[in-house]
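Here are my notes from going through the model, as promised. They are in numbered points, so pick whichever you want to argue about.

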Amino acid sequence: MKISSRFTVATHILSLIAMEEPPLTSLRIAASVNTNPVVIRRISGQLKNAGLIAVKAGSGGATLLKPLTKITLLEVYQAVDSVEDGELFQFHENPNPNCQVGAHIQDAMEQTLIEAQKAMEQVLANRTMADVVDTIRAEIAE
């Protein structure tokens with residue numbers, strides 16, 4: 001079980017828009033992500049709904065609506081992986097209530113998992129897309 005890749009694909013899309021010459025079509029972005037353009041259009045739609053990009057139909061491509069320094073990774077995450085407070089981690093269904101562990105595992109783990117989600121979100125809130133693009137540019141320059 002893994003957390004969705006939509007977040008990392010969204011950061012890939014935003015980085016490409018920031019670094020490449022327009023127009024950036026879903027086909028061009030999909031070639032970089034190595035996925036189907038339909039996936040790119042779906043995630044781009046979510047980024048558009050969040051007010052992070054503008055998308056022109058046809059071959060118009062996508063553009064950023066905010067400076068990279070104003071786009072936190074938490075905003076990107078929330079745009080594409082809408083997870084409610086305390087819902088990042090899911091408990092397995094139907095643990096055996098007649099088992100001493102099965103009857104109490106959720107209560108034993110719930111607060112820890114809520115705190116883990118908040119910690120992750122705090123890290124994302126303190127990083128921007130500018131940090132991501134700066135790191136990419138530094139690695140290209142090496």
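1. Let's start with the hairpin. Strand 1 and strand 2 make it, with four residues between them. In the turn, Gly58 has a positive phi of about 75°. Keep in mind throughout that this is a predicted model.

2. On the pairing itself: strand 1 covers residues 53-56 and strand 2 covers residues 61-64, and the two run antiparallel, joined by four bridges. If you want one pair to look at, take Val55, whose bridge partner in strand 2 is Ala62. A general reminder for when you look at side chains here: in a regular strand they alternate between the two faces of the sheet.

3. Thr25 is worth a click while you are in this region. Thr25 sits in the loop between helix 1 and helix 2. Setting aside neighbours within four places in sequence, Thr25 is in contact with Ser59 and Gly61. Gly61 belongs to strand 2, which spans residues 61-64. As for Gly45, its C-alpha lies 13 Å from that of Thr25, with the two positions 20 residues apart in sequence.

4. The same loop has a backbone feature you should check in your own viewer. Going from Pro22 to Pro23, the peptide bond is cis, with omega near 0°. Pro23 is in the loop between helix 1 and helix 2.

5. Now the helix packing, beginning with helix 1 and helix 2. Helix 2 is made of residues 26-33, and its axis comes within 10 Å of the helix 1 axis, the two crossing at roughly 120°. An angle over 115 but not over 145 falls outside the perpendicular and antiparallel ranges, so helix 1 and helix 2 are oblique to each other. The crossing is right-handed. Helix 1 brings Val9, His12, Ile13 and Leu16 to the contact, and helix 2 brings Ile29, Ser32 and Val33. By class that gives five nonpolar residues, two polar and no charged ones.

6. Helix 2 also packs on helix 3, at an angle of about 110° and with the axes 8 Å apart. Helix 2 is therefore roughly perpendicular to helix 3. From helix 2, the residues involved are Ser26, Leu27, Ile29, Ala30 and Val33; they meet Pro37, Ile40 and Arg41 of helix 3. The class count for this contact is six nonpolar, one polar and one charged. Ile29 and Val33 are listed here and also in the contact with helix 1.

7. What is the phi of Asn34? Phi is near 65° there, a positive value in a residue other than glycine. Asn34 lies in the loop between helix 2 and helix 3, the latter being residues 37-49.

8. Back to helix 1, which has another partner in helix 6. Helix 1 runs over residues 6-19 and helix 6 over residues 129-141; their axes come within 10 Å and cross at roughly 70°. That angle makes helix 1 roughly perpendicular to helix 6. This crossing is right-handed. On the helix 1 side, the contact uses Thr11, Leu14, Ser15, Ala18 and Met19, while helix 6 supplies Met129, Val132, Val133, Ile136, Arg137 and Ile140. Sorted by class, there are eight nonpolar residues, two polar and one charged.

9. Last, the aromatics. How many aromatic pairs does a search of the whole structure find? The search turns up one. The ring centres of Phe7 and Tyr77 are 5.7 Å apart and the ring planes stand at 80°, so the pair is edge-to-face. Phe7 is in helix 1 and Tyr77 is in helix 4 (residues 73-80), and with 70 residues separating them the pair links distant parts of the chain.

Conventions:
Residues are numbered from 1 along each chain as its sequence is written. Side-chain values use heavy atoms; hydrogens and water are left out. Axes are lines fitted to C-alpha atoms, for helices over the stretch in contact, and angles run from 0 to 180 degrees between N-to-C directions. Angles under 35 degrees count as roughly parallel, over 145 as roughly antiparallel, 65 to 115 as roughly perpendicular and the rest as oblique. A crossing is left-handed if the near helix is turned anticlockwise from the far one by less than a right angle, and right-handed if clockwise. Contact means heavy atoms within 4.5 Å. Ala, Val, Leu, Ile, Met, Phe, Trp, Tyr, Cys and Pro count as nonpolar, Asp, Glu, Lys and Arg as charged, and the others, Gly among them, as polar. Two strands pair if DSSP finds at least two bridges between them. Rings of Phe, Tyr and Trp (its six-membered ring) pair if their centres lie within 6.5 Å; planes under 30 degrees apart count as stacked, over 60 as edge-to-face and the rest as tilted.
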